[in-house]
Amino acid sequence: MTHKQTAFAAAAQTMIKNLEKRGMEGYFFEDSASCTDAILASIPEGSMISWGGSESIKQTGLMDRIRQGNYKLIDRFSASSPEEARNLYAQSVLSDYYLMSSNAVTLDGELINIDGSGNRVACLIHGPKNVVMVVGMNKIVTDVNSGIDRVRNFAAPPNAARLNRQTPCLTAGICGDCLSPDCMCSQIVITRRSGIKGRIKVYFVAQELGY
């Protein structure tokens, strides 16, 4: 491992212990390939899988391998109409595995997620049997407030550009605390524990992933 990966591993072990106290599971991997292998090894063939459109998940190559595998993928991004997307979302709530990232994770093991429509955080909170998170170490923060600051000022602007959202953060590069029609910060969710032990599994990767 590089010196940076060694430091990441130490921080990840701290967070894994804190996640366990909160009813969640944590794992650490040096790279995306080994992380993807471990996730696929934990998901039985034939499982119903859905996802939240995560850039982190896409960057690891996990979605490509799932599409090539023997799984039932519920992908609302394949919908040809708003009604079909709504129906696919309804199915995703009952999925065996929901794949996503977290916008930030504190060293104390709390998950911070900010959403526009709320579909992603809704599945995190309740519904799918298992939630699998892939989190690059660029998303690790010291506490909840710094996590919210990270998401709104450093993750939201590039996401606004990616999604072509006409928000103040797109033009200014920092959060404008907006209430605009294109606002991506409608829901701020802090997950401090899992009500179902082991339902949420966080896979830390010693790389920069997502926004």
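**Figure 1. Helix α7 in the lining of the largest pocket.** In this predicted model, α7 contributes six residues to the lining of the largest pocket, the most of any element. Helix α7 spans residues 144–163, and at least two lining residues also come from each of α3 (55–60), β6 (111–115) and α6 (119–125). The largest pocket encloses about 690 Å³ of space. Its lining comprises 30 residues, and those closest to the pocket centre are Asp 115, Arg 120, Asn 159, Arg 162 and Leu 163.

**Figure 2. Residue classes around the largest pocket.** The lining shown here is made up of 12 polar, 10 nonpolar and eight charged residues. Among the residues closest to the centre of the largest pocket are Asp 115, Arg 120 and Arg 162.

**Figure 3. The second largest pocket and its lining.** The volume of the second largest pocket is about 180 Å³. A set of 14 residues forms the lining, and Leu 124, Ile 125, His 126, Gly 195 and Arg 199 are nearest the centre. Two elements, α6 and β9 (187–191), each give two or more residues to this lining. Strand β9 supplies three residues, the most of any element in the lining of the second largest pocket. By class, seven of the lining residues are nonpolar, five are polar and two are charged.

**Figure 4. The largest cavity and the cysteines in its lining.** The predicted model contains two cavities of 30 Å³ or more, and this view is centred on the largest, which holds about 110 Å³ of space. The residues that line the largest cavity include Cys 169, Cys 175, Cys 178, Cys 183 and Cys 185. Arg 152, Ala 156, Thr 167, Pro 168, Gly 176, Asp 177 and Met 184 are also part of this lining. Helices α7 and α8 (168–172) are the elements that provide two or more residues to the lining of the largest cavity. Eight of the lining residues are nonpolar, two are polar and two are charged.

**Figure 5. The second largest cavity.** This cavity has a volume of about 40 Å³. Its lining consists of Ser 50, Trp 51, Ile 74, Asp 75, Arg 76, Tyr 89, Ser 92, Tyr 98 and Asn 119. Two or more of the lining residues come from each of β2 (48–51) and α5 (82–92). Divided by class, the lining of the second largest cavity has four nonpolar, three polar and two charged residues.

**Figure 6. Cys 123, a buried cysteine without a disulfide.** No disulfides are present in the structure, for which the count is zero. For Cys 123, the closest cysteine sulfur is that of Cys 185, and because the two sulfurs are 19 Å apart, the distance is too far for a bond. Cys 123 has a relative accessible area of 0% and is therefore buried.

**Figure 7. Cys 175, a partly exposed cysteine without a disulfide.** Cys 175 takes part in no disulfide, and its nearest cysteine sulfur, in Cys 185, lies 5.7 Å away. A disulfide requires two cysteine sulfur atoms within 2.5 Å, so a separation of 5.7 Å does not qualify. The relative accessibility of Cys 175 is 24%, which means that this residue counts as partly exposed. Both Cys 175 and Cys 185 belong to the lining of the largest cavity.

Definitions and conventions. Residues numbered from 1 in each chain as written. Predicted model: local features only at pLDDT ≥ 70, side-chain atom pairs only at ≥ 80, totals over all residues. Heavy atoms only, no water. 1 Å grid on protein atoms, 1.4 Å probe; cavity = no way out; pocket = protein on both sides within 12 Å on 5 of 7 lines; lining within 4 Å. Points joined across faces, edges and corners; volume = space filled by probe spheres on them. Helix = DSSP H or I, 4+ residues; strand = E, 2+ residues; numbered from the N terminus. Nonpolar A, V, L, I, M, F, W, Y, C, P; charged D, E, K, R; others polar. Buried < 20%, exposed > 50% of the residue type's maximum accessible area, 1.4 Å probe, protein only.
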